[in-house]
Amino acid sequence: EKPDVEEIDVEDCVGVDLGILNYIHTSDGLSVGRLDLEDEYERLEKAQRTQSRRVEGSENWEKARRRVAKQKRRIQRKVRDFQHKLTRWLCREYDAVFVEDLDVKKMLEDSQNARRKQDAAWRQFISLLEYKAELYGCHVKQVPALGTTKECARCGVEVEKELWMREHSCPSCGFETDRDWNAALNILQRGLARLGVGCSEGTPVETAAAAGTEANAGDVPASRVVEAGTSVCEDGRSPAPPRAG
């Protein structure tokens, strides 16, 4: 069962920023890399070129079409398997997980990074996160995404950033950190407010900064999540990436 909101500690909550360079970045300072699908896409493109050279409707064209469909399913299954393992770890590690409520369709239409965002399958990731939350007794809340990247997690001042700018540096309070970590901290604060969880000792930013400074923030490749599988350690916890700090 999900723990009562009154019993949840802020340190057992996490904000999750869904990114492009990294798949996720948490308010604990942990980042998980994107799944490497370049080889899979090369096989898909090769199969599509072969199909394009066949006479449509012929037996060879049909064989090539099935190979293309098979490769597409292979990519989809790899992404889904990765998401299953990552969402399972999040829901077992934390009492509450907060993510952005993204308008994925609009983002795919407007962005130059549409393929990467489509590969990320963020809406599917959020759906799996909500599903796993019911299995493992975890609260999952979506928060407004507007301004999470620009807003300073410490003082709230908006700092304009171009897409290529990967660092957050606030001219008002001097808070400097990774761009994605700043967004994750903002997501954490909005999630705590929406869930109604208080903070008795320090702000969420101070709590997270103490646990995951840039010096010890974790950086986990996607392959490690995949290799971790669904096995369980002796204490019943998932062997997926540990919390930073």
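Colleague: Which phi does glycine 137 take just after H5?

Modeller: Glycine 137, right behind that helix, has a positive phi of about 70°. Please keep in mind that this is a predicted model, in which local features need pLDDT of at least 70 and side-chain atom pairs count only at pLDDT 80 or more, while totals for chains, interfaces and linings use all residues. Residues are numbered from 1 along each chain as its sequence is written, and side-chain values use heavy atoms, with hydrogens and water left out.

Colleague: What makes H5 a helix here, and what span does it reach?

Modeller: Helices are DSSP runs of H or I with at least four residues, strands are runs of E with at least two, and both are numbered from the N terminus. H5 covers residues 122-136 and has 15 residues, so it passes that cut-off. From first C-alpha to last, H5 reaches 21 Å, close to the 21 Å expected at 1.5 Å a residue; the expected span is 1.5 Å times one less than the number of residues. Helix H1 (residues 38-52) also has 15 residues and reaches 21 Å.

Colleague: Which residues of H5 are called buried?

Modeller: Buried means under 20% relative accessible area, exposed means over 50%, and partly exposed lies in between (1.4 Å probe, protein chains only). In H5 the buried residues are Trp122, Phe125, Ile126, Leu128, Leu129, Lys132 and Ala133. Because they cover an arc of only 165° around the axis, they sit on the same side of H5; the arc is taken from the directions from the helix axis to the C-beta atoms. Glu134 and Leu135, on the other side of H5, are exposed. As background, an α-helix has 3.6 residues a turn, so residues three or four places apart point the same way.

Colleague: What does H5 lie across?

Modeller: H5 lies across strand S1 (13-18), strand S2 (22-26), strand S4 (96-101) and S5, and its direction makes about 145° with S5. Axes are lines fitted to C-alpha atoms, for helices over the stretch in contact, and angles run from 0 to 180 degrees between N-to-C directions. Helix H6 (residues 179-195) packs on the sheet too, touching S1, S2, S4 and S5, at about 130° to S1.

Colleague: Why are S5 and S8 called edge strands?

Modeller: Two strands pair if DSSP finds at least two bridges between them. The open sheet has six strands in the order S5-S4-S1-S2-S3-S8, with mixed pairing. Strand S5 (139-144) and strand S8 (219-220) each pair on one side only.

Colleague: What makes the pairing "mixed"?

Modeller: Both senses occur in this sheet. S1 and S2 run antiparallel, joined by three bridges, and three bridges also join the antiparallel S2 and S3. S1 and S4, in contrast, pair in the parallel sense over four bridges, and six bridges join the parallel S4 and S5. Strand S3 (residues 31-33) and S8 run parallel with two bridges, so they just satisfy the pairing rule of at least two.

Colleague: How many residues stand between the strands of each hairpin?

Modeller: The hairpin of S1 and S2 has three residues between its strands. The one formed by S2 and S3 has four, and glycine 29 in the turn has a positive phi of about 90°.

Colleague: How do you know whether histidine 25 is buried or exposed?

Modeller: Histidine 25 has a relative accessible area of 9%, so it counts as buried. This histidine is found in strand S2, where four of the five residues are buried. Its bridge partner in S3 is serine 31.

Colleague: What is histidine 25 in contact with?

Modeller: Contact means heavy atoms within 4.5 Å. Leaving aside neighbours within four places in sequence, the partners of histidine 25 include Gly15, Asp17, Asp178, Trp181 and Ala184. The C-alpha atoms of histidine 25 and leucine 185 are separated by 9.8 Å, although these residues are 160 residues apart along the chain.

Colleague: Which elements have the lowest and highest confidence?

Modeller: Confidence here is pLDDT, the predictor's value for each residue from 0 to 100. Helix H7 (residues 204-211) has the lowest mean, 53, and helix H2 (residues 59-93) the highest, 94. Residues 210-216 are below 50, and beyond near neighbours in sequence this stretch has 16 contacts in the model. Residues 230-245 are also below 50, with 42 such contacts. For the protein chain, the mean is 79, and 77% of residues reach 70 or more.
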